[in-house]
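Work through the exercises below with the sequence and the coordinates open. Try each task before reading its solution.

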Amino acid sequence: MRALLAGLALLCLVKMADARQVTIDQMLATESYGQVLIAPAGGKVIVERRGPYETGSRFSYGNMTRRVTSRVMLLDLRSPRKLVPAFRQEDGAGYWAGDFSPSGTRATVLRLQDDKLRLGILNIATGTVRWLPGAPDLPISRPAPVWLDDRRFVYVRFVEDRLPTILDVGGIVQRIMPARWHDAARGQRPAADLASTRSVRQNRYERRELVIANATTGEEHTVLTGEVPTTSSGRPPTLPLRRVEMTDTQAFICATAGSSGSLDAIGRAAAIMGARELGNCGNEPQPSRIWATDPAALSIERESLLVIVCGELRCSDRPALETALRRATSAVQVAERLSGQAWGSYVAFIREGNRFFVFRDPSGATPLYVARSLNSQIASTTLTPALLAAAGHRARIHEPNVAKLLASPPAPAFLSSLEGVDIVTAGELVGVNLPAQRHKIWSPGEIASRKAPLAPEQLVDTLDQVLAELAGDSRIGVELSGGLDSSIVCTSLAQLGLDPKPFNVATSGKGGDETPFANDVAAHAGVALHRFKSDSALPDYSSFEGLAHPRNHRFRGSRRG
């Protein structure tokens with residue numbers, strides 16, 4: 001109906017602008033525009049430009065034929081107002097957009113060519129597309145993929161390579177009607193059915209997959225597979241993809257349960273967060289498994305001890321750390337040696353005999369929770385309602401703890417607002433199984449109480465060692481404000497000969513221009529300062545050429561391998 005009204009409005013405008021009558025040929029030769037998508041941070045706009053209907057490569061898609069004439073164009077609001085192709089698009093194929101990623105650095109796009117539909121991931125900055133191999137569906141309730149965060153999105157695809165029903169209505173008729181004509185000629189089908197295509201039905205059940213895709217690597221993970229029925233009226237199938245539990249962090253999950261069925265349910269909830277099973281961790285006294293969104297940073301297994309570290313683990317001597325962990329005889333010793341010889345943003349899952357423990361790194365950069373019910377226990381860096389429900393845990397508010405948190409905001413960090421959920425504090429080792437055990441391995445108070453603090457020269461050496469280890473063999477960008485912290489980091493990297501790339505972003509807000517201070521520090525360190533200007537109070541990193549948002553940077557490599 002909206003398309004019809006839009007068409008009538010267009011005809012009215014043409015009529016008013018030109019007194020001449022509009023012919024059918026002129027209408028078929030008229031270009032138009034489809035949807036317009038604006039990046040979440042502004043600055044970039046995707047526009048679908050549709051060529052004349054008569055230029056379509058195929059006309060079997062009914063009112064969706066406009067898809068084969070469509071092109072995806074990009075408009076940069078910061079440059080001259082000109083639409084340019086968002087990426088290379090072939091003749092004879094139609095392209096349209098799905099949606100921007102949360103940061104606006106990527107977008108999903110679709111390609112219809114030779115009766116095949118494919119889903120792609122567009123890099124806005126480079127204009128390149130990574131095409132996925134499967135055949136995506138276009139559910140009526142949610143035709144575009146749903147972004148979970150900047151690196152993951154979820155979509156529906158067919159098990160077999162076929163077109164969505166919304167694109168294949170005409171094709172169904174073309175494939176089925178010849179056979180029905182043949183049956184009617186042989187007297188095996190009433191000829192009256194030939195007067196209408198309403199009786200044309202495909203199989204009412206279609207096998208589809210709910211898939212989570214990694215926009216960075218193109219890797220895909222199937223969350224579930226099943227048959228989705230059409231409605232009784234034979235309308236295109238609608239998958240209820242209206243609510244997706246989102247997580248904007250890496251997920252590491254350890255679970256023990258009374259049955260493998262309970263672990264399977266927990267695994268399905270973990271898969272929705274993009275986590276894959278790292279392995280079976282034993283069956284005594286209960287079956288246990290571990291899932292993670294990323295590969296393990298370290299894994300050591302002995303007869304009575306299993307150590308799996310997930311996240312970013314840094315150390316000055318990796319072989320020495322692994323040797324020390326192999327010689328450990330308890331979970332406490334493992335946690336002590338990790339905190340003494342390594343650093344980073346990580347969590348460790350430790351099995352000591354028949355008991356499971358989790359250790360949160362002393363920085364506390366990665367959150368960690370433990371939830372327990374009668375039949376299962378889980379430790380996870382992210383808790384979602386689906387994960388708690390799969391573990392048989394009813395999430396109820398812990399009213400006394402909420403009262404303490406409201407009455408005294410600096411309340412103990414381990415207090416949780418949910419019943420049966422414990423917060424693992426930084427530097428703490430906690431038992432997952434019942435009865436619960438807690439061991440404080442590292443705390444700032446313990447460090448501050450040392451009677452022999454490091455001398456200034458030792459502090460400088462320690463800082464240089466840490467920065468050199470983090471930098472590895474990569475060139476490091478430093479957001480230089482000219483304040484104490486960024487100045488120390490930039491100067492240290494420069495003196496180590498690591499060739500830092502300092503940059504400063506001046507914003508329009510009050511006090512948002514710290515360029516003079518950054519200039520002084522860069523001159524002192526002997527490095528060139530790269531300057532950027534933002535018209536808003538908050539910098540839009542995606543608008544600066546050659547510069548990604550700091551959240552997207554990862555330290556890679558190590559000078560020690």
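Buried means under 20% relative accessible area, exposed over 50%, partly exposed in between (1.4 Å probe, protein chains only). Helices (H or I, at least four residues) and strands (E, at least two) are DSSP runs, numbered from the N terminus. The model is predicted: local features need pLDDT of at least 70, side-chain atom pairs pLDDT 80 or more, while totals for chains, interfaces and linings use all residues. Residues are numbered from 1 along each chain as its sequence is written, and side-chain values use heavy atoms, without hydrogens and water.

**Exercise 1.** Find the buried residues of α10 and what covers them.

*Solution.* Step one: locate α10 at residues 456–471. Step two: list its buried residues, which are D464, L467, A468, E469 and A471. Step three: look at the cover, which includes β18 (305–315), β19 (342–352) and α11 (484–495).

**Exercise 2.** Which parts does the salt bridge between R208 and D137 tie together?

*Solution.* A salt bridge puts a side-chain nitrogen of Lys or Arg within 4 Å of a carboxyl oxygen of Asp or Glu. For R208 and D137, the N to O distance is 2.7 Å. R208 lies in strand β12 (residues 205–214) and D137 in the loop between β9 (135–136) and β10 (146–149), so the pair links parts 71 residues apart in sequence. R208 is buried at 3% relative accessible area; D137 is buried at 6%.

**Exercise 3.** Is E209 buried or exposed, and what is its salt-bridge partner?

*Solution.* E209 is buried, at 15% relative accessibility. Its partner is R157, with the closest N and O atoms 2.6 Å apart. R157 is buried too, at 14%.

Key: Expected span 1.5 Å × (residues − 1). Contact = heavy atoms within 4.5 Å.
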